[in-house]
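User: Could you walk me through this structure? I am new to it and would like to begin with the ligand.

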Amino acid sequence: MHRLGALLTGSPATVRFAGVTGLEGARERRVRTDGVDLCVAELGDPGRPTVVLVHGYPDSKEVWSEVASRLAGRFHVVAYDVRGHGRSTAPRPLRGGFTLEKLTDDFLAVVDAVSPDRPVHLVGHDWGSVQSWEFVTAGRTEGRIASFTSMSGPSLDHFGHWIERRVKRPTPRRVGQLLGQGAKSWYVYLLHTPVLPELAWRGPLGTAWPRLLARLEKVPRDGYPTASLRSDAAHGAWLYRDNVRRRLRSPRADAYAHAPVQLITPLEDAFLSEGLSEDLERWAPRLTRRTLPARHWVPRSRPDQLATWISDFVTSVEAGRPEASATGPYADRFGGQLVLVTGAGSGIGRATALAFAEAGARVLAVDRDAEAAARTAGEARRRGAEGAWAEQADVSDEQAMEKLAERVTTEHGVVDVLVNNAGIGLGGSFFDTTTQDWKRVLDVNLWGVIHGCRLFGKRMAERGQGGHIVNVASAAAFQPSRALPAYGTSKAAVLMLSECLRAELAERGIGVSAICPGFVDTAITSTARFAGADAEEERRLRRRVARLYGVRGYPPQRVAAAVLRAVVRDEAVVPVTVEARTAYVLARWMPGALRLIARVKPPLR
Ligand code: NAD
C-alpha cells in the first residue's frame, strides 16, 4: 500500500526522464529455461510494480531502451532478449524451438525470477505483442499478469478468427480488409521460404537495415539496431515458421484475455491494418484503445507517448481503475497528451481546451487574463482532465512566452499539441487605423503565433517525436474587407505562416493546421477595437456587432470540434462556418466576386 501510495502521489501523467540511450545502467541476470539461457535486464526499484517489456522482430531488448529509461523512475522495468535474440542463447534445433508454448515457458521463468510475488504489467511490440497475447490468454499465466499493453502485434488466434469470419461471411468491406491485410503481410510469406531470409539478413539486408529503418520508419540513428541484428533476424524467422500457419489454420476458441488490455495502434503502420483490431472487444472486454500517427517502430520513434500511456495505464490498474476515464470523441488519440491552448480564458480557446480535456488530454490553459484561464482549467478538471492547469501570459510578450516555454518544458515535458488561439479584433478603415492600432493587432495576432510556434514548436521539432500545431486564423485571411485591413492582414499572415511551417515541419512528423472560422458567437465582439471611433461610438458598434454575431449564433464548441478533427486528420486549412467555407471557395475560383463584396460598407455606423 505504501509503495502504491508513493506511486500515485507523483504527477498523474508526467513521465520525463533524462534522455538515456541503451539499457546501460541496467542490472543483468541470466534465467535458464528448457536448455535456453535468457538475458534479462532490470531498471528501477524492484519494490515498485514490475513492467515487463517484450521486443519484436527483428529486434532485441534494446529496442525498449528509450521507453525503459522513461519508466524506470516510477516502475521496476524488466526487458529480456527473446530466445535466439540479443544475448539470449538459441534453442537447438531451431525448428520447433520458437513455439508460442515455449515462449510462454520463457516468460513465466522470467517473471518468476523478477517478480515472484506480484503479477506483472506486460508490454509487447510487434512479435513481442504477438507472444504476449498468447501469455495473456493462456490459462497457466492467470494471476501472473496484471495488465497488458499491446502495440503492432495481434494474437494469432484472434487473427485466425478474423480471417475465418471474413472468408465465411464476406461483405465487400470485409473482402477489402482481407486483401488489404494480405498485401501488408508480404514479408510473412517471404519469411516462410527456407534459407533465403537467413541469407538475406546475414548479407545485404542486414547491412541496409539501419538505413532502411531511418529512412522508411523515421527511427532516429542513435546506435539502434544493435550488433546482434543479423542473428536476431535469422533466428527470429522461426517465430513465424513455428507458429503462423499452425495457429491461423486452427486458432484457439478460448483466447480470452484474463487481464485488462491497452491497445496502441500506430495509424501509419506499414505491416498491420487498423481493421485487424475491429472485433477485439470480443476477446478483451476490458479494452482501452489508443491511436497515434506514427509508423511501426513506435518504441524508437515515440518513446515519450508510449511511456506516458504505459505509465497511466499501469497506475490506473494498480489503483483498481483499469478503464480509461476519458470518453469524449478522440479519447483514444489525445488521452495523456500535453495540450497548450492560448487565449483559453474565453470563446474558441476555452471551448477547445475543454474539448481536449474531455478527450483525456493534460490541458494547459494560457491567457493574459489569469482568472479566466484558471476558470477554464477548473472546468477542465471537473470534466475529467485531472492534470489541467492555468498559466497567465501575454502571447505578444516574447520574454513572458520564453519563460512560460522554459517552465512548461522543465515541469511537464514537451507540448504534444499547441493551439495558438489568442487574438483580438480590430475594425475600421485603413486611414483610421493608427500605427499603435497596427502594432497592437500584429503583436497579438501575428507575433503571438510566431512566439508560440518558435518556442514550443522548436522544442517539439527537437524532441523528434511528432506533434501538432494549430493556428487560429480567420476567414478574414482570404476574404478581403474594407472594414478589416489590419485584422485581415494579421490573419492572412498567420495563414501563410502556417502553410510555410507545415512544409518545413512535415519531415519531422509535425502537422500544422490553420483554422479559419467565420462569425462565431464569442466575447470578441465586446472587446474588439474600432479604429477612429470614440468611446461612445465604440460601445454602440460593439453592441451592434455582438447582436449580429448572436443572431448568427455559431457556437465556439463547433470550432473546437473542428480543431480536434484538424489535428486527427492533419488538415492544412480548415474554413469552419458556412460563410468561411463559401469565401474559401470563392477566393480560389471567383476572387473577383470576393473583391466586390470587400467594397461593401458594413451596415454598422
Ligand atoms: P474571445 O475574446 O472570446 O477570446 C480570446 C481570448 O484570448 C480571451 O480570453 C483573451 O483574454 C485572450 N487574449 C487576448 N489577447 C491575449 C494576449 N495578448 N495574450 C494572451 N491571451 C490573450 O475571442 P474568440 O472569438 O474566442 O477568438 C479566438 C481566436 O479566434 C482569435 O484569434 C480570433 O481572432 C479568432 N477568430 C474569431 C472569430 C469570431 O467570430 N469569434 C472569427 C474568426 C477568428
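Analyst: The following turns cover the ligand, the cysteines and some of the strands. This is a predicted model, in which local features need pLDDT of at least 70 and side-chain atom pairs count only at pLDDT 80 or more, while totals for chains, interfaces and linings use all residues. Residues are numbered from 1 along each chain as its sequence is written, and side-chain values use heavy atoms, with hydrogens and water left out.

User: How many residues surround the ligand, and which are the closest?

Analyst: The ligand is surrounded by 28 residues, and the closest are S346, D367, N421, Y487 and T522. A residue counts here if one of its heavy atoms lies within 4 Å of the ligand.

User: What is the make-up of that shell by class?

Analyst: The shell has 15 nonpolar, 9 polar and 4 charged residues. Ala, Val, Leu, Ile, Met, Phe, Trp, Tyr, Cys and Pro count as nonpolar, Asp, Glu, Lys and Arg as charged, and the others, Gly among them, as polar.

User: Which polar side-chain atom lies 2.6 Å from an oxygen atom of the ligand?

Analyst: That atom belongs to Y487. In addition, a polar backbone atom of N421 is 2.7 Å from an oxygen atom of the ligand, and a polar side-chain atom of D394 lies 2.8 Å from a ligand nitrogen atom. A polar contact is a pair of N or O atoms within 3.5 Å. Taken alone, the ligand exposes 820 Å², of which the protein buries 95%; the areas come from the Shrake-Rupley method with a 1.4 Å probe.

User: Changing topic, how many disulfides does a search of the whole structure find?

Analyst: The search finds 0 disulfides, a disulfide being a pair of cysteine sulfur atoms within 2.5 Å.

User: Why is there no bond for C453?

Analyst: The closest cysteine sulfur, in C500, is 11 Å from the sulfur of C453, which is too far for a bond. C453 counts as buried because its relative accessibility is 8%, where buried means under 20% relative accessible area (1.4 Å probe, protein chains only).

User: And C516, buried or exposed?

Analyst: C516 counts as buried, at 0% relative accessibility. Its sulfur is 14 Å from the closest cysteine sulfur, in C453, and therefore too far for a bond.

User: Now the strands: in what sense do β9 and β12 pair?

Analyst: Strand β9 (residues 338-342) and β12 pair in the parallel sense over 3 bridges, and the bridge partner of L340 is L418 in β12. Strands are DSSP runs of E with at least two residues, numbered from the N terminus, and two strands pair if DSSP finds at least two bridges between them.

Note on methods. Polar contact = N/O pair within 3.5 Å; in protein donor to acceptor, adjacent residues only side chain to side chain. Buried < 20%, exposed > 50% of the residue type's maximum accessible area, 1.4 Å probe, protein only. Helix = DSSP H or I, 4+ residues; strand = E, 2+ residues; numbered from the N terminus.
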